[in-house]
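Colleague: I've got a fresh model open here and a list of things to ask. Shall we go through it together?

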Amino acid sequence: MSGNNFIDYVKFCSRSGHGGPGAVHFRREKHVAKGGPDGGNGGRGGHVILRGNSQLWTLLHLKYRKHVIAENGQPGGSMRSTGAAGKDEILEVPLGTIAKDDETGEVLWEITEDGQEVILSPGGRGGLGNENFKNSVNQTPRYAQPGEPGETRWVVLELKLLADVGLVGFPNAGKSTLLSAVSAAKPEIADYPFTTLTPNLGVVAYRDHQSFVMADIPGIIEGAAEGKGLGLRFLRHIERNSMLLFLIPVDADDLNKEYEVLVDELKRYNPELLDKQRLIAISKADMLDEELMKEMEDTLNYDVPYVFISSVTGFGIQTLKDKIWQVLNSDR
């Protein structure tokens, strides 16, 4: 997932088509002295539709579409003919996309399944032709209904990646290295903070040809809830994860404090995130020998399970996978 191509937020004006007006028309046939009304109905205006597409991972294709306008319905015709419906405007979006009303912030729709379609802005109904208004009293109605106007609204689309495991940690905690070690994902890895600027997804192979999806987001720093760093902007991507995997490096100044800070920032962003299952991976364990690891374990004060790992040497990786799989399947 290229950093330049990953777009998870777009805003545009959605305008559905107006309904076509009904027709005012009377029969004009040879040898028919007084033809009655035969004006047809107008066509429906086109809808603006969102459709889920599992092959998409970003909203990049919608980034420069500031106005999405569906076609208007056609007017009714003679001989009770109905006008053509306006062409629908269909927007393909990745799974995990949420549509919100920009003015109120109300969540309109969520797209979670491939092929799922929802009407973002319904087209206006077509007007009735004068043929619909004839009766014994008014046998020659000379009026028809206009079509209903379409709906215009500003819409925000937000993408929340669908993954089983969300990686949480400070910059340089080893999240990208772990993702590259357990999956085929190729995130950027370097020895400076904020190497990861956009989220990355990877499919982790497990025993018996099973697998789960892991998401890596940019690192969180203390004060992220007040706007510091980059992590807070991307925390929406772990709201849908089944569990959270905290990565804490062994060379951190205070392993207990680092975990507490991360939990506190998540709580400030969205307290519901703390209801998710949690697991801690203490990374860069290749820097320790068995004696140092035992001494470090005696100082840990975590309220959730933890495991020492090294993404470079592979130490503890299979144990980590086993623990993740147990957590993911604990509700089954």
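Colleague: To kick off, how many salt bridges does the count come to?
Modeller: Keep in mind that this is a predicted model, where side-chain atom pairs count only at pLDDT 80 or more. A pair needs a side-chain nitrogen of Lys or Arg within 4 Å of a carboxyl oxygen of Asp or Glu. By this rule the count comes to 15 salt bridges.

Colleague: And what is the mean pLDDT of the protein chain?
Modeller: There is a weak patch, since residues 189-196 have a pLDDT below 50, though the stretch still has 22 contacts beyond near neighbours in sequence. Across the chain, 89% of the residues reach 70 or more. The mean pLDDT is 86.

Colleague: Let's take the sheets. Which strands are the edges of the open sheet of five strands?
Modeller: The order there is β3-β1-β8-β5-β6, with mixed pairing. An edge strand pairs on one side only, and that singles out β3 (67-69) and β6 (107-111).

Colleague: What does the twist average from one strand to the next in that sheet?
Modeller: Take β1 (residues 9-15) and β3 as one pair in the sheet: they run parallel and share three bridges. Within that pair, serine 14 stands opposite valine 68 in β3. From one strand to the next, the twist averages 25 degrees.

Colleague: Lysine 11 sits in β1 too. Which residue does lysine 11 form a salt bridge with?
Modeller: Look far along the chain, in the loop between β5 (97-101) and β6, 91 residues apart from lysine 11. Lysine 11 has 35% relative accessibility, so it counts as partly exposed, and its partner is partly exposed as well, at 32%. The closest N and O atoms are 3.2 Å apart, and the partner is aspartate 102.

Colleague: Next door in sequence, is aspartate 101 buried or exposed?
Modeller: Aspartate 101 forms a salt bridge with arginine 153, with the closest N and O atoms 3.3 Å apart. That pair also links distant parts of the chain, from strand β5 to strand β8 (residues 152-159), 52 residues apart. The cut-off for buried is under 20% relative accessible area. At 11%, aspartate 101 therefore counts as buried.

Colleague: What about arginine 27, which residue does it form a salt bridge with?
Modeller: Arginine 27 is partly exposed, with a relative accessible area of 35%. Its partner is partly exposed as well, at 43%. The closest N and O atoms lie 3.2 Å apart, and the partner is glutamate 29.

Colleague: Now strand β2. Why is it largely enclosed by the rest of the structure?
Modeller: Strand β2 pairs with β4 (residues 89-93) in the parallel sense over five bridges, with leucine 50 facing leucine 91 there. It also pairs with β7 (residues 117-121), this time antiparallel over four bridges. As for burial, β2 spans residues 48-52 and is largely enclosed because of its five residues, the number buried is four.

Colleague: Which residue in β7 is the bridge partner of arginine 51?
Modeller: There are side-chain links around here as well, with Arg51, Glu92 and Glu117 joined into one network by salt bridges that share partners. In the strand pairing, the bridge partner of arginine 51 in β7 is glutamate 117.

Colleague: On to the open sheet of six strands. Which are its edge strands?
Modeller: The order is β10-β11-β9-β12-β13-β14, again with mixed pairing. Neighbouring strands are turned by 25 degrees against each other on average, direction ignored. Pairing on one side only marks the edges, which are β10 (200-205) and β14 (306-308).

Colleague: Inside that sheet, which residue in β12 is the bridge partner of valine 165?
Modeller: Strand β9 (residues 165-169) and strand β12 (residues 243-249) run parallel, joined by five bridges. Across from valine 165 in β12 is methionine 243.

Colleague: Last one: how many degrees of arc do the buried residues of helix α1 cover around the axis?
Modeller: In α1 (residues 175-182), the buried residues are Lys175, Ser176, Leu178, Leu179 and Val182. What covers them includes β9, β10, β11 (211-216), β12 and α5 (317-328). The buried residues are on the same side of α1, because their arc around the axis is only 160 degrees.

Key
Residues are numbered from 1 along each chain as its sequence is written. Side-chain values use heavy atoms; hydrogens and water are left out. Two strands pair if DSSP finds at least two bridges between them. Helices (H or I, at least four residues) and strands (E, at least two) are DSSP runs, numbered from the N terminus. Axes are lines fitted to C-alpha atoms, for helices over the stretch in contact, and angles run from 0 to 180 degrees between N-to-C directions. Buried means under 20% relative accessible area, exposed over 50%, partly exposed in between (1.4 Å probe, protein chains only). pLDDT is the predictor's confidence in each residue, from 0 to 100. Contact means heavy atoms within 4.5 Å. The arc is that of the directions from the helix axis to the C-beta atoms.
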